[in-house]
There are 2 protein chains.
Amino acid sequence: MTISEVSKKCNVSADTLRYYEKAGLISFINRTPGGVRNYTEQDCKQIEFIKCMRSAGLSIEVLRKYFELFKRGKRTLKARRDLLANERENLQVRFKELQDTIRRLDYKISVYDKALKSKDKELKF
Amino acid sequence: MTISEVSKKCNVSADTLRYYEKAGLISFINRTPGGVRNYTEQDCKQIEFIKCMRSAGLSIEVLRKYFELFKRGKRTLKARRDLLANERENLQVRFKELQDTIRRLDYKISVYDKALKSKDKELKF
DNA sequence: ATATCACTTGGAGTTGACTCCAAGTCAAGC
DNA sequence: GCTTGACTTGGAGTCAACTCCAAGTGATAT
């Protein structure tokens with residue numbers, strides 16, 4: 001697959017794909033004799049994984065570390081597991097915060113709905 | 001309350017408080033005759049609200065719009081309500097995504113735990 | 001063989017959200 | 001009246017994560 005095909009398929013810009021490669025999130029992409037990147041299905045899966053983790057808020061730096069460990073082989077299995085477990089805990093915290101914020105917004109919206117009915121109220125902010 | 005007191009109380013840097021003011025997220029902070037900001041308890045509540053919304057991912061721009069509507073008075077009640085309801089929906093989407101990502105990480109961690117037990121496996125990424 | 005077009009690179013520019021800095025002001029203590 | 005220390009301002013700097021650009025290359029279509 002060319003970079004533009006992967007870009008469409010994974011909904012990530014070609015520039016971002018090249019950026020991820022430079023940043024160490026993707027390595028060893030095959031090239032055609034002419035030097036053009038030739039992505040495999042496996043590469044796409046990895047890109048989807050990166051996309052998913054990025055959208056949840058994992059930093060480029062954390063992902064770079066993860067894939068760097070990967071390059072160092074089997075002996076880093078535990079380190080990688082722990083890195084993921086740690087990020088998982090961070091997400092769990094953010095998950096709870098997000099839940100609270102949604103609840104807070106729900107309450108605020110309900111206050112607005114009341115104010116809208118009683119025709120003359122105003123809120124503090 | 002001075003800016004440094006609010007900074008401690010709300011755990012937001014003084015620079016950030018001034019930045020929020022410049023950005024239109026806070027307005028009409030009282031000043032002492034000498035020109036020093038003098039925050040009220042109400043101001044703090046608003047800052048806590050901003051902090052909460054920011055940490056959930058609402059942009060400065062969205063919050064600026066919200067408080068701008070506020071300045072325009074009661075006739076913007078509905079618009080403000082709708083703005084909040086819209087942001088709430090966005091958060092709900094992110095909430096579900098986050099949940100999925102946590103599940104995905106849990107699965108991946110479990111695969112690592114299996115690999116660690118069987119002593120010779122490696123994963124794809 | 002020439003035009004087209006998608007690709008390549010290194011590097012510069014952009015965006016959002018702060019964060020820091022220099023120069024100045026004001027109130028309080030000595 | 002002078003020092004100290006917390007405040008003020010406008011503006012510059014930083015950081016992460018892209019995003020864009022110019023100049024060049026290679027395969028394909030006419």
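Student: Which residues does B:Leu25 touch, not counting those up to four places away in sequence?
Tutor: B:Leu25 touches B:Tyr20, B:Gln46, B:Ile50, B:Ile60, B:Leu63, B:Arg64 and B:Phe67, where contact means heavy atoms within 4.5 Å. This is a predicted model: local features need pLDDT of at least 70 and side-chain atom pairs count only at pLDDT 80 or more, while totals for chains, interfaces and linings use all residues, and side-chain values use heavy atoms, without hydrogens or water. Residues are numbered from 1 along each chain as its sequence is written, with chains lettered from A and ligands numbered from 1 in the order in which they are written.

Student: How many residues are in the largest nonpolar core?
Tutor: The largest nonpolar core has 81 residues. A:Leu25 and B:Leu25 have the most contacts inside it. A core here is a set of buried Ala, Val, Leu, Ile, Met, Phe, Trp, Tyr and Cys residues joined through side-chain atoms within 4.5 Å.

Student: And B:Gln92, buried or exposed?
Tutor: B:Gln92 has a relative accessible area of 19%, so it is buried (buried is under 20%, exposed over 50%, partly exposed in between, with a 1.4 Å probe and protein chains only).

Student: Where is B:Gln92 placed, and what does its side chain contact?
Tutor: B:Gln92 belongs to helix α5 of chain B, residues 77–117. Its side chain makes a polar contact of 2.6 Å with the side chain of B:Arg88. A polar contact is a pair of N or O atoms within 3.5 Å; within protein, one must be able to donate a hydrogen and the other to accept it, and residues adjacent in sequence count only if both atoms are side-chain atoms.

Student: New topic. Which residues come nearest to DNA strand C?
Tutor: There are 17 residues around DNA strand C, and A:Thr2, A:Ser4, A:Arg37, B:Asp15 and B:Arg54 come nearest. To be near, a residue needs a heavy atom within 4 Å of the strand.

Student: What part of DNA strand C comes within 4 Å of the protein?
Tutor: Sugar and phosphate make up 73% of those atoms of DNA strand C. On the protein side, a polar side-chain atom of B:Arg54 is 2.8 Å from a phosphate oxygen of strand C. For the side chain of A:Thr2, an N or O atom is 2.9 Å from a phosphate oxygen of that strand, and for A:Arg31 the distance is 3.1 Å.

Student: Which helix supplies the largest share of the surface near DNA strand C?
Tutor: That is α2(B), with 4 residues. Helices are DSSP runs (H or I, at least four residues), numbered from the N terminus.

Student: What about DNA strand D, which residues are closest there?
Tutor: The closest are A:Asp15, A:Arg54, B:Thr2, B:Ser4 and B:Arg37, out of 17 residues that surround DNA strand D. The largest share of this surface, 4 residues, comes from α2(A). A polar side-chain atom of B:Arg37 lies 2.7 Å from a phosphate oxygen of strand D, and one of B:Lys22 lies 3.5 Å from a base nitrogen of that strand.

Student: What rotation superposes chain A on chain B?
Tutor: A rotation of 180° with 0.0 Å of shift along its axis does, at an RMSD of 0.2 Å. The two copies are therefore related as by a two-fold rotation axis. The fit is by least squares on C-alpha atoms of residues with pLDDT of at least 70 in both copies.

Student: Which residue of chain A comes closest to the rotation axis?
Tutor: A:Phe95 does, with its C-alpha at 3.5 Å. Also, 98% of the interface residues of chain A are interface residues in chain B too, so the copies meet through the same surface.

How values were computed. Helices (H or I, at least four residues) and strands (E, at least two) are DSSP runs, numbered from the N terminus.
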